[in-house]
Amino acid sequence: MKLLGNVDLLKSQTAIKFAAFVFISVTFFYLGKHWSDGSRQLVFFSRQSPSSTTSFVPSVVVSPNFNKEFNISALINATEPETGPEPSDPVISNEQQSVLALKAASPPPPPPPEIKSYGIVDANGTMSDEFEIGEFDPDLVENWGNGTEIETETNKEDAKSTFQVKKFGLCDESMREYIPCLDNVEAIKRLKSTKNGERFERHCPENGAGLNCLVPPPKGYWPPIPWPRSRDEVWFSNVPHSRLVDDKGGQNWISRKGKDKFKFPGGGTQFIHGADQYLDQMSKMVPEITFGHHIRVVMDIGCGVASFGAYLLSRNVITMSIAPKDVHENQIQFALERGVPAMVAAFATRRLLYPSQAFDLIHCSRCRINWTRDDGILLLEVNRMLRAGGYFAWAAQPVYKHEQALEEQWEEMLNLTTRLCWNLVRKEGYIAIWQKPFNNSCYLSRETGTIPPLCDPNDDPDNVWYVDLKACISRLPENGYGANVAPWPSRLQSPPDRLESINIDSYIARKENFKAESKYWNEIVASYVRSLHWKTFKLRNVMDMRAGFGGFAAALIDNQLDAWVLNVVPVSGPNTLPVIYDRGLIGVMHDWCEPFDTYPRTYDFLHAAGLFSVERKRCNMSTIMLEMDRILRPGGRAYIRDSLDVMDELQDIAKAMGWHPTLRHTSEGPHANYRVLACDKRLLRG
């Protein structure tokens with residue numbers, strides 16, 4: 001019995017183990033079938049049906065998901081969110097669905113920023129001169145709108161209302177190149193005659209009123225290409241006019257470079273093969289024409305796009321390039337966009353706004369001016385501005401063509417220049433060069449009644465503001481002032497003789513006053529370079545709005561800033577222009593209660609020292625500030641150094657124009673009566 005019981009017990013344990021094995025096998029089989037979806041294929045062994053009469057043959061069975069394709073990218077690539085399983089997708093667990101939902105809700109990361117080159121090192125770190133200037137920094141762009149906002153305040157004591165402009169609106173798009181005194185259509189219509197070019201002269205709005213709005217830039221305006229690259233190319237969008245390309249492209253003036261740039265090959269009507277070769281020819285013709293030494297200040301009449309002046313800059317010569325706003329109305333705008341000194345001016349019925357004996361050489365290449373009309377009145381204006389002993393270079397068809405009409409014009413020119421006591425130094429090819437006498441001896445030895453006569457001794461040849469041309473020869477000073485200037489560069493800091501003829505009140509000797517001004521500005525500019533990092537600024541076209549003796553401009557040269565300065569001498573003060581030109585600088589006379597003769601957006605930097613405390617007695621300060629905004633480029637700067645009592649109002653006006661002003665102490669410290677208002681101009685969009 002005991003043995004039988006043990007056998008039953010063994011049978012019972014074996015049955016239990018067998019049942020457990022079967023249960024575990026069935027469980028793994030089920031799990032294998034269930035979790036095989038979307039995973040590696042599980043291989044299963046099976047038997048033939050027991051009802052089969054054949055012998056047992058094992059076979060291999062694969063998962064029913066074999067050869068199916070499933071999309072599992074949502075679980076792998078986080079940058080491509082999925083919206084959920086498609087109907088054809090396999091079943092996904094709740095946990096997996098939660099992961100997918102979170103990934104779908106998250107936005108994709110932004111693409112990497114595009115590499116732009118802003119210097120001469122390309123993306124690979126290689127030095128290159130092929131680079132582009134970036135668009136405006138977003139911090140320098142503001143959405144401004146077009147409306148003007150005015151604030152009214154009422155005085156409780158006298159019940160009078162005062163108006164203050166809180167925001168100046170943008171002008172109409174048609175005014176984006178508006179020059180108020182040259183584009184006054186109504187005034188031009190009222191002219192009695194235009195035969196002598198009167199319509200190209202100044203005709204300002206009544207009472208000299210300027211704008212009461214902000215001139216907008218053209219669409220797509222970009223920061224100007226920096227110098228010296230700008231000499232050879234500028235953005236099309238900044239001066240969007242292609243007429244000169246059509247008219248003068250064959251003469252090597254200007255051409256299109258792709259869709260977005262103008263290119264300047266450096267040629268001209270009479271120097272198609274380039275200005276450098278032309279300048280070399282002039283120096284060979286007259287060896288005394290030593291550019292950058294005795295020849296420092298030049299005028300180019302009818303300058304086109306100012307390639308003549310542009311290539312003289314590399315020879316230490318500064319050129320005042322002038323042309324009227326005529327059929328080629330944008331030529332001066334192109335010149336200034338290139339970073340070359342230029343002004344809109346015309347030989348018509350009034351004196352040009354430059355002093356006597358200003359230029360060491362005056363150049364006219366096919367400038368389309370009839371020099372012999374009206375007893376040579378236009379060439380007499382050239383004679384007034386030409387320094388004693390200076391040169392006049394004329395490149396025109398009458399010089400080299402042998403047609404009868406042109407030969408007659410040449411004979412008329414020879415006759416006139418002989419009566420002016422000019423000496424024909426050389427005629428070669430298509431260039432003729434004359435030299436002006438050093439004194440009046442030739443004039444006084446002419447026969448009685450010779451035309452043109454000498455001007456009256458009381459005539460002031462430096463009086464130029466709205467003064468009519470005179471058909472007489474301007475006398476040279478008997479003391480030789482103006483004829484004996486030092487060569488460049490020593491003339492920059494040498495007090496010239498004509499300093500003694502300037503009508504100024506001075507408590508110290510004039511030469512000491514001259515040197516003191518130069519030292520004062522040199523120290524200030526040096527401090528700007530050190531502390532404000534002026535050499536990192538893109539200073540190229542600079543205007544000093546109250547220039548004095550030109551000390552600020554001289555300081556920029558001494559501190560090696562690669563910029564040129566137009567020195568403006570206001571009519572409200574002493575005429576220091578002769579001294580400025582004797583130093584080897586350029587300048588112009590102007591009344592700041594009237595608009596200035598230049599295109600909008602033509603200067604990078606405006607400097608005004610002591611201007612507003614003087615001019616506010618004559619006109620509204622907002623009139624001058626709005627004109628400054630018209631002249632200044634977006635991204636440009638203005639430094640206003642003036643007394644404390646004008647600074648609050650100037651800050652308000654600057655903010656109303658969209659400028660960003662910062663008030664700074666001068667070197668004299670916080671207790672000084674002067675401050676510097678440093679302003680940044682933004683690009684305003686309507």
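Me: Buried means under 20% relative accessible area, exposed over 50%, and partly exposed in between, with a 1.4 Å probe and protein chains only. With that in hand, which residues lie on the two sides of β18, and are they buried or exposed?

Reply: Two ground rules before we look. This is a predicted model, where local features need pLDDT of at least 70, side-chain atom pairs count only at pLDDT 80 or more, and totals for chains, interfaces and linings use all residues. Residues are numbered from 1 along each chain as its sequence is written, and side-chain values use heavy atoms, leaving out hydrogens and water. Helices (H or I, at least four residues) and strands (E, at least two) are DSSP runs, numbered from the N terminus. The general idea: in a regular strand, side chains alternate between the two faces of the sheet. In β18, Ile586, Val588 and His590 sit on one side, Gly587 and Met589 on the other, and all are buried. Put another way, five of the five residues in this strand, 586-590, are buried.

Me: Which strand pairs with β18, and in what sense?

Reply: Pairing needs at least two DSSP bridges between the strands. Here β17 (residues 564-570) runs parallel to β18, with five bridges. For a landmark, find asparagine 567, which stands opposite glycine 587 of β18. Helix α14 (residues 577-582) completes a right-handed β-α-β unit with β17 and β18. Right-handed means that, with the strands pointing away from the viewer, the path from the first strand over the helix to the second runs clockwise.

Me: On to helices. Which residues of α10 are buried?

Reply: The general idea is that an α-helix has 3.6 residues a turn, so residues three or four places apart point the same way. In α10 the buried ones are Leu406, Trp410, Met413, Leu416 and Thr417. Down the axis of α10 these fall within an arc of 130°, so they line one face of the helix; the arc is that of the directions from the helix axis to the C-beta atoms. Turned away from that side are the exposed Gln404 and Thr418. As for length, α10 (residues 404-419) has 16 residues and reaches 23 Å from first C-alpha to last, close to the 22 Å expected at 1.5 Å a residue. That expected span is 1.5 Å times one less than the number of residues.

Me: What do the buried residues of α10 pack against?

Reply: Contact means heavy atoms within 4.5 Å. The buried side of α10 packs against α8 (373-385), β13 (386-395), α9 (397-400), β14 (423-428) and β15 (431-435). Arginine 419 belongs to α10 too, and at 26% relative accessibility it counts as partly exposed. Beyond its neighbours within four places in sequence, arginine 419 contacts Arg446, Thr450, Ile451, Pro452 and Ile473. Just after the helix, cysteine 421 has a positive phi of about 65°.

Me: How about α5: which of its residues are buried?

Reply: In α5 (residues 275-285), Ala275, Tyr278, Leu279, Gln281, Met282 and Met285 are buried. They fall within an arc of 155° seen down the axis, so they too line one face of the helix. Exposed Gln277 and Lys284 are on the face turned away. Among the packing partners of the buried α5 residues are α6 (307-312) and β12 (359-365).

Me: Which residues touch the most other members of the largest nonpolar core?

Reply: In soluble globular proteins, nonpolar side chains tend to be buried together. A nonpolar core is a set of buried Ala, Val, Leu, Ile, Met, Phe, Trp, Tyr and Cys residues joined through side-chain atoms within 4.5 Å. The largest one has 149 residues, and Tyr354, Trp371, Phe392, Trp534 and Leu566 touch the most other members. Separate from it is another core of 10 residues, including Val234 and Phe262. Overall, 48% of the protein's 686 residues are buried.

Me: Where are the backbone oddities, such as a cis peptide bond at proline 228?

Reply: Tryptophan 227 and proline 228 are joined by a cis peptide bond, omega about 10°, and that proline is in the loop between α3 (185-189) and β6 (233-235). Tryptophan 488 and proline 489 are also linked in cis, with omega about 10°. Arginine 601, not a glycine, has a positive phi near 60°; this arginine is buried, at 5% relative accessible area.
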